[in-house]
Structure formats: C-alpha cells, structure tokens
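Here is a friendly briefing to read with the model open beside you. Take a moment to turn the structure around first, then follow the topics one by one.

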Protein chains: 2
Amino acid sequence: MPITVVGSVAFDTVETPAGRSERSLAGAATYFSLSASFFTGVRVIAVVGEDFGPAEQAVFDARNIDTRGIERAAGKSFFWQGSYLDNINEAKTLRTDLNVFAGFEPKIPDAYRDSEFLFLANIDPVLQRRVREAMPNVKLVAGDTMNYWIKDHRPALLEVLTGLDVLLINDTEARMIAGNQNLVQAARAVMGLGPRFLVVKHGEYGATLFHGSAPKGKAAERFRAPAMPLEEVIDPTGAGDSFAGGFFGYLASQPELTPGAFRRAMFYGGVMGSFACESFGTERLQQLSRPEIDARFNLFRELTHLD
Amino acid sequence: MPITVVGSVAFDTVETPAGRSERSLAGAATYFSLSASFFTGVRVIAVVGEDFGPAEQAVFDARNIDTRGIERAAGKSFFWQGSYLDNINEAKTLRTDLNVFAGFEPKIPDAYRDSEFLFLANIDPVLQRRVREAMPNVKLVAGDTMNYWIKDHRPALLEVLTGLDVLLINDTEARMIAGNQNLVQAARAVMGLGPRFLVVKHGEYGATLFHGSAPKGKAAERFRAPAMPLEEVIDPTGAGDSFAGGFFGYLASQPELTPGAFRRAMFYGGVMGSFACESFGTERLQQLSRPEIDARFNLFRELTHLD
C-alpha cells in the first residue's frame with residue numbers, strides 16, 4: 001500500500017570528519033521517500049524552490065516516487081548547514097534558511113487520498129496535525145519530531161501525538177517529552193500521550209520498539225533491533241529518516257500488521273539507517289538495490305540471533 | 001570446569017536515587033564469583049581484613065564458592081564509597097580506602113592450580129600479570145580493567161593484554177585504550193594488542209562481542225546481545241562484574257567453546273548484569289535461582305529474535 005509522507009525536501013551542506021558535501025539534495029521527506037521506495041509506493045507532500053531542478057526531480061523519478069504533491073514556489077528551497085566535526089553522533093547546526101518552507105501550506109493531491117499509510121516527518125506540529133486531519137481514513141499514521149518542537153511548541157506537539165499510531169524518536173527526545181531519565185518509564189509516559197507504538201532510536205546501539213502496556217519485567221511487548229557496527233560513518237544526516245522509511249515502508253508492504261511484521265520492520269529500519277550513513281547526502285540510498293538490503297537484513301539477523 | 005578469579009572483595013557504601021546502602025559486601029571478585037557460581041565452580045583469590053566476618057563468609061559458602069584463596073590480613077578490607085545521584089550510569093567516587101589491599105600479594109592455593117579458566121578482575125595490572133604467569137596452563141583467560149589503569153598504568157596494562165584471550169571493557173574504555181572514537185576501529189586496535197575476543201559493554205544498550213579480524217562489512221564475527229530495559233535501576237554497582245561472571249561462567253560450563261557458546265555466553269552476561277542492578281550490593285545475586293536466570297535468558301531471546 002502506498003505511503004503519503006509530508007516533510008521537508010531541502011539542500012544540505014554538511015561537514016564530517018570524512019569530508020564536506022555542498023548543497024546536496026536532502027530533507028526528511030527525501031530520505032524517508034528514497035528509503036521507503038524499496039518496499040512500497042511513496043507519495044510526497046512538500047514545497048521546493050526554483051533551485052530544485054531536473055537533476056533533483058530525477059532522483060525521485062528513478063525510484064518511482066510520486067511527486068505531484070511537491071509544490072514549486074518562487075524563491076529558494078529549505079537549506080540547512082551542519083557540522084559533525086566535534087561529534088559524529090550529533091549535528092551542530094551552523095545555519096538554517098527556511099526559505100520557501102516558511103510559508104508552507106501542505107496541499108494534498110486528490111490522487112493521494114486513498115493512501116492507507118501516512119508519515120508525518122519532522123516539521124512544525126501545526127502542519128503535521130493539519131495533514132493528519134485532512135486524511136482521517138488512513139489505517140496507520142507514524143510521525144517524527146525533534147527537540148526544538150518538544151521544547152518550544154509542546155501544546156501543538158501534544159495534539160499531534162494524540163493522532164499518531166507510531167512515534168519514532170531518539171532517546172534524548174523520549175526523555176525530554178516524558179521529563180524522565182529512565183527509558184522504560186519515559187516510554188510508558190510517551191505512549192500515555194497517544195501513540196500505541198513507540199520506536200526509540202539509540203544511534204549506533206540500535207533501537208527499541210515499545211508497544212502496549214507491558215507488565216513490569218515482561219519483555220514480550222518490547223523489541224530491540226541492532227544497528228550495524230560501522231567501520232566508518234561518512235555522514236549520519238538522514239539516518240533517522242531513512243530508518244523511518246525502512247520501518248514504515250516495510251510495514252506498508254505487509255498484508256497484515258502482525259507482531260512479526262513490526263519486528264522485521266525494526267530490522268529494516270536499522271538496515272536503511274546504516275546505509276544512509278555510508279555516503280554524503282542521499283547518494284547511498286540512490287544507488288542501493290533490494291538484494292543489498294536483504295543481504296544486510298541477514299547480517300543483522302546473524303549479528304543478534306543465537307542460532 | 002572451575003574458574004579461578006583474582007580481584008577485590010570489599011565493602012561499598014553506595015547512594016543512588018533509590019536509596020543508600022552502608023558497607024555492603026561488594027568488590028569485583030565477589031560480584032563475579034556469585035554470578036559465575038550459577039554456572040560452574042568458582043575459586044577466589046583475594047585479601048580481606050578483620051571486618052570480613054562469618055556473615056560475609058556465609059555469602060560465599062551458600063553458593064559453594066571456594067574461598068581458600070581469600071587471605072585474612074590484619075586491618076580493614078578494601079572500602080569504596082560512590083554516588084549515582086547525578087547519573088545512574090556513572091558512579092562518582094567519593095572515597096577509596098585500599099586498606100589491606102594496598103599490600104596485596106596474590107597467593108594461589110595448590111588446589112586451584114588445575115583451573116582451566118582464569119578471570120583477572122579489575123585490579124592493578126601488575127598483580128593481574130603475576131597471577132596470569134603463575135597459571136601458564138589455563139585454557140582461557142579473561143580480564144577486565146578500568147580508566148584509572150588505562151590512563152596511568154598503560155605499560156603494565158599492555159603487558160596484561162598480551163596474555164588475555166578475552167577482554168571485557170565498556171565503550172569508553174575501548175575508545176581510551178585505542179585512542180579512537182569509532183567503536184569498530186577501536187575494537188580492532190584493542191584486539192591487535194592481544195585479546196582474541198573483545199566484549200564491549202554498552203550499559204543499558206547491551207554489549208558487542210568482537211572476535212577475529214572481521215572483513216569490512218561482515219557481521220559474522222560480531223555479536224550484539226541486548227540488556228534488559230529496566231523499569232528501575234536500584235544500584236548499578238557490580239553490573240559489569242556480574243556480566244563477566246555470567247559470560248565466563250557459562251563458557252566454563254560448556255564442553256566446547258563454539259561460536260554458539262560465545263553467543264549464549266553474551267546473553268547470560270547481560271542477564272546476570274541486569275539482575276545485579278535490581279538490588280543494592282549483591283543482594284539480588286544472593287537470592288537468585290537458575291530457573292529465574294533461564295527465564296530471563298528466554299526474555300532476552302524474545303526481545304531480540306525475529307521469530
């Protein structure tokens with residue numbers, strides 16, 4: 001089943017210990033779409049400026065991603081500049097130019113309205129909520145957010161959470177939302193705010209899926225998926241969005257949302273996140289093939305399974 | 001096969017957000033022994049003072065741990081005081097009194113000399129090396145260390161590493177020894193110094209076993225075991241030593257050291273580490289039973305396995 005995703009399509013300039021990449025095609029919706037496109041159809045809602053040309057369009061076309069919901073506006077696309085020189089696990093933002101994103105009013109093409117899966121990438125929760133409300137009949141809604149919205153836009157974010165089935169965030173974000181340092185307690189508190197499923201990403205240590213209200217000491221309603229121990233992280237930008245694309249893309253491709261499907265989705269999330277780190281920007285995702293993805297899925301199994 | 005362990009038997013005073021425990025029986029060799037005793041016979045080499053009385057002896061006796069190698073000296077036992085009030089994952093040392101440990105000269109009882117498994121708990125690398133050299137015929141030697149020895153006793157530590165089959169350390173220690181922030185590169189560098197197997201503990205995120213020289217991108221020679229997501233950490237002191245006890249105790253109980261045995265040993269390590277956190281001091285380990293251990297092993301499997 002196709003997924004509709006709303007989020008940013010942007011250009012990034014990124015510095016890491018491995019080098020520098022200038023104005024690469026990026027943005028949460030871009031990483032998510034490319035990643036999910038290996039599993040299911042993807043439809044994007046975003047806004048870009050005049051700097052989004054045929055080369056950028058071709059990246060989406062090559063993966064058969066539906067871009068009819070990408071609005072072209074006068075001006076420049078969203079631009080972000082960040083550095084990982086001090087810490088490969090945490091970006092230091094050097095510059096953010098919202099540009100055409102400042103006035104973004106998501107418009108949902110009629111052709112998208114039968115989507116049963118909706119992903120609200122990390123954007124203003126007011127916009128996330130608007131898109132959620134415009135698509136009341138979706139079967140599964142997942143979303144992401146970030147520290148900025150948690151700290152300074154909490155009421156709007158809390159409204160989004162009530163409309164989510166799955167929230168994907170990292171440890172720090174989970175602890176911030178809950179105001180609790182213990183991850184299990186924080187997870188329970190976050191699920192109390194709406195999402196039935198919570199995916200907490202631990203960076204190089206993998207990710208944990210929490211679901212339902214697990215009785216104390218019972219792991220059955222939790223699942224821990226690994227990350228790939230990487231020899232070299234070229235650029236971690238977009239790893240979280242790529243995780244979300246693999247996770248949600250795989251779920252959307254399944255005939256039934258069984259516990260087993262969620263477990264495999266967690267593995268595919270980690271797999272896609274690990275590929276995203278192997279090149280600057282979306283390069284690695286553009287060149288990827290499904291057999292490579294499944295080979296890494298099998299490595300993840302070997303990495304974690306007893307037999 | 002019985003394990004011989006050399007390390008500290010001590011008293012700890014510990015403060016955590018859950019409360020305070022005064023002068024509890026503790027020390028790396030104590031946690032290790034209790035944990036390993038659920039899998040195999042254990043023989044301890046240590047020194048204690050006059051404050052080590054019948055109550056402390058009874059803790060070892062209840063688990064059939066051989067204490068003939070625990071020397072009784074005039075004076076007080078090693079004492080450590082620490083606080084986890086600021087950070088449940090990292091102890092702040094408030095006080096260390098070496099006491100009888102200051103003049104510790106490990107003596108190996110003749111009855112220990114047929115041990116095929118030797119564990120060098122976290123003590124002065126000069127002593128670790130002396131015990132290692134006094135037992136040249138052991139089949140498998142594992143050891144632990146800490147930031148203090150890495151920083152200020154590097155030459156002695158490097159000599160110990162050349163005599164180890166397995167080193168168990170945490171992320172920070174691996175990065176410190178290697179002088180490299182990338183965990184995979186750091187692991188390779190550490191293994192270049194001696195140990196054929198390296199266990200890197202990631203606290204609440206589990207642990208990774210590295211072995212051999214894995215080709216780039218190949219996970220087959222790595223294994224990632226989870227930790228238990230704990231609702232409440234009462235006292236993390238000794239979790240690493242308990243991990244080592246479960247890991248090495250399980251290995252010593254196996255007829256053959258197969259890759260599968262190492263994988264299961266990683267799980268048992270995590271299991272024993274998680275129990276250690278559930279009470280102050282060694283209380284939980286004292287009250288534990290093998291069926292409880294195996295039930296948690298099965299939870300760890302559920303937590304990580306796809307089917």
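In this predicted model, chain A has an open sheet of 9 strands with mixed pairing, in the order β5-β4-β1-β8-β9-β10-β11-β12-β13. Its edge strands are β5 (66-72) and β13 of chain A, each of which pairs on one side only. From one strand to the next, the twist averages 15°.

**Around the end of the 9-strand sheet**

- β12(A) and β13(A) run antiparallel and are joined by 4 bridges.
- Within this pair, A:Leu209 stands opposite A:Phe223 in β13(A).
- Helix α6 (residues 171-178) of chain A lies across two strands, β10 (166-170) and β11 (197-201) of chain A. The helix runs at about 110° to β10(A).

**A closer look at A:Ala207**

- If you would like one residue to click on, try A:Ala207, which lies in strand β12 (residues 207-211) of chain A.
- Is A:Ala207 buried or exposed? It counts as buried, because it has 25 C-beta neighbours inside 10 Å, and 20 or more is the cut-off for a buried residue.
- Which residues is A:Ala207 in contact with, leaving aside its neighbours within four places in sequence? They are A:Val199, A:Val200, A:Lys201, A:His202, A:Ala225, A:Phe243, A:Met266, A:Gly269 and A:Gly270.
- A:Ser77 is 130 residues from A:Ala207 in sequence, and their C-alpha atoms are 32 Å apart in space.

**The 4-strand sheet of chain A**

- Chain A also has an open sheet of 4 strands, in the order β3-β2-β6-β7 and with mixed pairing.
- Why is one side of β3 (19-26) and of β7 (92-97) of chain A left without a neighbour in the sheet? Both stand at the edges and each has a single partner strand, so there is no neighbour on the other side.
- Neighbouring strands of this sheet are turned by 15° against each other on average, with direction ignored.
- Strand β2 (residues 10-16) of chain A pairs with strand β6 (residues 78-83) of chain A in the parallel sense, over 6 bridges.
- To find this pairing on screen, look for A:Phe11, which stands opposite A:Phe79 in β6(A).

**Strand β2 in chain B**

- Strand β2 (residues 10-16) of chain B is mostly covered, with 5 of its 7 residues buried.
- On one pairing, β2(B) and strand β3 (residues 19-26) of chain B run antiparallel and are joined by 6 bridges. These two strands form a hairpin with 2 residues between them.
- On another, β2(B) pairs with strand β6 (residues 78-83) of chain B in the parallel sense, again over 6 bridges.
- B:Ala10 is a handy landmark for both pairings: its bridge partner in β3(B) is B:Ala26, and it stands opposite B:Phe78 in β6(B).

**An enclosed helix**

- Helix α1 (residues 28-36) of chain A is largely enclosed by the rest of the structure, because 9 of its 9 residues are buried.
- The buried residues of α1(A) include A:Thr30, A:Tyr31, A:Phe32, A:Ser33, A:Leu34 and A:Ser35. Also buried are A:Ala28, A:Ala29 and A:Ala36.

**How the two chains meet**

- 32 residues of chain A are in contact with 31 residues of chain B.
- Which elements of chain A give two or more residues to the side that touches chain B? They are α7 (183-191), β13 (222-225), α9 (259-276) and α11 (290-304) of chain A.
- The most comes from α11(A), which gives 5 residues to this side.
- By class, the side of chain A that touches chain B has 13 nonpolar, 8 polar and 11 charged residues.

**How the two copies are related**

- A turn of 180° and a shift of 0.0 Å along the axis lay chain A on chain B with an RMSD of 0.0 Å. The two copies are therefore related as by a two-fold rotation axis.
- Both copies use the same surface: 97% of the contact residues of chain A recur in chain B.

**Confidence**

- Chain A averages a pLDDT of 95, and 97% of the residues score at least 70.
- The model scores ipTM 0.91 and pTM 0.94.
- Where pLDDT is low, the predicted coordinates should not be read in detail.

Technical notes:
Residues numbered from 1 in each chain as written. Chains lettered and ligands numbered in written order. Predicted model: local features only at pLDDT ≥ 70, side-chain atom pairs only at ≥ 80, totals over all residues. Buried ≥ 20, exposed ≤ 12 C-beta atoms within 10 Å, placed from the backbone. Pairing = 2+ DSSP bridges. Axes fitted to C-alpha atoms, helices over the stretch in contact; angles between N-to-C directions. Least-squares fit on C-alpha atoms with pLDDT ≥ 70 in both. Contact = placed C-beta atoms within 7 Å. pLDDT = per-residue confidence, 0-100. Nonpolar A, V, L, I, M, F, W, Y, C, P; charged D, E, K, R; others polar.
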